[in-house]
Amino acid sequence: MRLLALLLAAAALAAAHEHHGEAPTCAGGGGRVLAEFRPGEVTLDGHPADWETVEASEFPLLPALDPDEDKAYTGGKVTVKAVHDGVNVFFMLQVDGDYAYTKGDNKKCPSVALMFQVGEKATYYDMGGCKDLPDSCTSKSCRDHEVDIMHFSVGNAIPGRLYGGNHIDNAAGNGGDRFGHLVDTYAWNPHCRYLDGIGPKENNSNAQNDWHGAWWHNSLTFHSGFVDDDSPYGKQDDKGTYYFEFSRPLRTMDQFQQDAQFTIGEPSNMAVAFWYPTDGKPWSNSQHYSASCDWLTLDIQPSLEASQYHPAPNRSWDAATAFALLLSVVAVCVSIFVGYSTSKNKSSIQFTPLEEI
């Protein structure tokens, strides 16, 4: 029953991302998100204070299926920030929006997703772009069309609390999150989307959810820690900003092309999606906004010290080596001369027996 529920959840999320027809065109597609080396600066709690000095990238939120600027999200742009500590990468998404929360109903709450290119042929549009239908897509037929997706629906998530990978779901060998629905999934297209560790034909028992995250809204004033009984945690329709904070290891133990693998100093392709219950109405499966109509570039930079280190040119090292070699030769010659002179002087000294003195 648990596996069936996970499969149904993945199918529902696939419908939420479903695209049809040819890829739409829009002006200003693409963009860049900088992830600087900032170890020890970020606490994963959904609060934005420790992100104030991090470089921000802003993108308009346009309908994913019809990226018309006239139909953009009325709350404004999404702000995306990223840092890394050499082991994990962290993301902060900020979106203005009136407070909306209905416990247990994800579609009456905001929701966000991050998508990353895995396969070389994976396209932004159609979530990887494999042409196979649900009854025919496999890891072989859709090879190189893999995309990695993190999806966070907050209908059962307490603000400020941590969700995502946990011992229970990871022990089951999949990317689910039965507590807060911060799930780790992969896809080849909108019709072929699965939790990590679950596939169309067979399941892998050693997958896991590598993501962790939390959410917050700045209209919430209680900071000592919410519990489930405090729901809905704030006042409906209060003005403010949503914050969604996430982390994941740069490299994971994935062996099935289900996770993106990040390398310091090398760019990766990513995308950002956002759902919101406008006017209190539940968002529909296809009603989501995207930060661009093409891939964004995630630039994971090395540390400042590493980027400023430049070895001296080879010719300087050659000159220094030659000079050192010359000094060594001179030293050896002087040593030989001194040793020879001392030996010669010793041989000219006459020995006088003690009894003759």
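## Exercises on a predicted model: disulfides, backbone outliers and one serine

At 7% relative accessibility, Cys130 is classed as buried. The model is predicted.

**Exercise 1.** Which cysteine pairs with Cys130, and what is the handedness of the link?

*Solution.*
- Start with the sulfur atoms. Cys130 is joined to Cys142 by a disulfide, with an S to S distance of 2.0 Å.
- Apply the cut-off. A pair of cysteine sulfur atoms within 2.5 Å is a disulfide.
- Take the torsion next. About the S-S bond of Cys130 and Cys142 it is about -70°, so this disulfide is left-handed.
- Place both ends. Cys130 and Cys142 lie in the loop between S6 and S7, twelve residues apart.
- Check burial of the partner. Cys142 has a relative accessible area of 0%, so it is buried.

**Exercise 2.** How many disulfides does the structure hold? Describe the one formed by Cys137.

*Solution.*
- The count is two.
- Cys137 is bonded to Cys192, with S to S at 2.1 Å.
- The S-S torsion of Cys137 and Cys192 is -105°, and the link is left-handed.
- Now locate the ends. Cys137 sits in the loop between S6 and S7, while Cys192 belongs to strand S10 (residues 192–195), so the bond ties together parts that are 55 residues apart in sequence.
- Burial comes last. Cys137 is buried because its relative accessible area is 0%. Cys192 counts as buried at 0% relative accessibility.

**Exercise 3.** Is Cys109 buried or exposed?

*Solution.*
- Set the threshold: buried means under 20% relative accessible area.
- Cys109 has a relative accessible area of 0%, so it is buried.

**Exercise 4.** Met127 and Asp279 each call for a backbone check. What is the sign of phi in Met127, and what is it in Asp279? Is Met127 buried or exposed, and is Asp279 buried or exposed?

*Solution.*
- Read phi for Met127. The value is near 50°, which is positive in a residue other than glycine.
- Find its setting. Met127 is in the loop between strand S6 (111–117) and strand S7 (147–153).
- Judge its accessibility. Met127 is at 2%, so it counts as buried.
- Turn to Asp279. Phi is near 55°, again a positive value in a residue other than glycine.
- Asp279 lies in the loop between strand S13 (267–275) and strand S14 (289–290).
- Exposed means over 50% relative accessible area. Asp279 has 70%, so it is exposed.

**Exercise 5.** Which residues does the cis peptide bond join? Where is Pro232 placed?

*Solution.*
- The bond runs between Ser231 and Pro232, and its omega is about 15°.
- Pro232 falls in the loop between strand S11 (212–217) and strand S12 (241–249).

**Exercise 6.** Where does Ser57 lie, and which backbone oxygen does its side chain reach?

*Solution.*
- Begin with the element. Ser57 is in strand S2 (residues 57–59).
- Add burial. Its relative accessible area is 10%, so Ser57 is buried.
- Follow the side chain. Ser57 reaches the backbone oxygen of Arg32 at 2.8 Å.
- Test the polar contact. The N or O atoms must be within 3.5 Å.
- List the surroundings. Leaving aside neighbours within four places in sequence, Ser57 is in contact with Arg32, Val33, Val78, Thr79 and Val80.
- Put the steps together. Ser57 is a buried residue whose side chain reaches the backbone oxygen of Arg32.

Conventions: Residues are numbered from 1 along each chain as its sequence is written. This is a predicted model: local features need pLDDT of at least 70, side-chain atom pairs count only at pLDDT 80 or more; totals for chains, interfaces and linings use all residues. Side-chain values use heavy atoms; hydrogens and water are left out. Helices (H or I, at least four residues) and strands (E, at least two) are DSSP runs, numbered from the N terminus. Buried means under 20% relative accessible area, exposed over 50%, partly exposed in between (1.4 Å probe, protein chains only). A polar contact is a pair of N or O atoms within 3.5 Å; within protein, one must be able to donate a hydrogen and the other to accept it, and residues adjacent in sequence count only if both atoms are side-chain atoms. Contact means heavy atoms within 4.5 Å.
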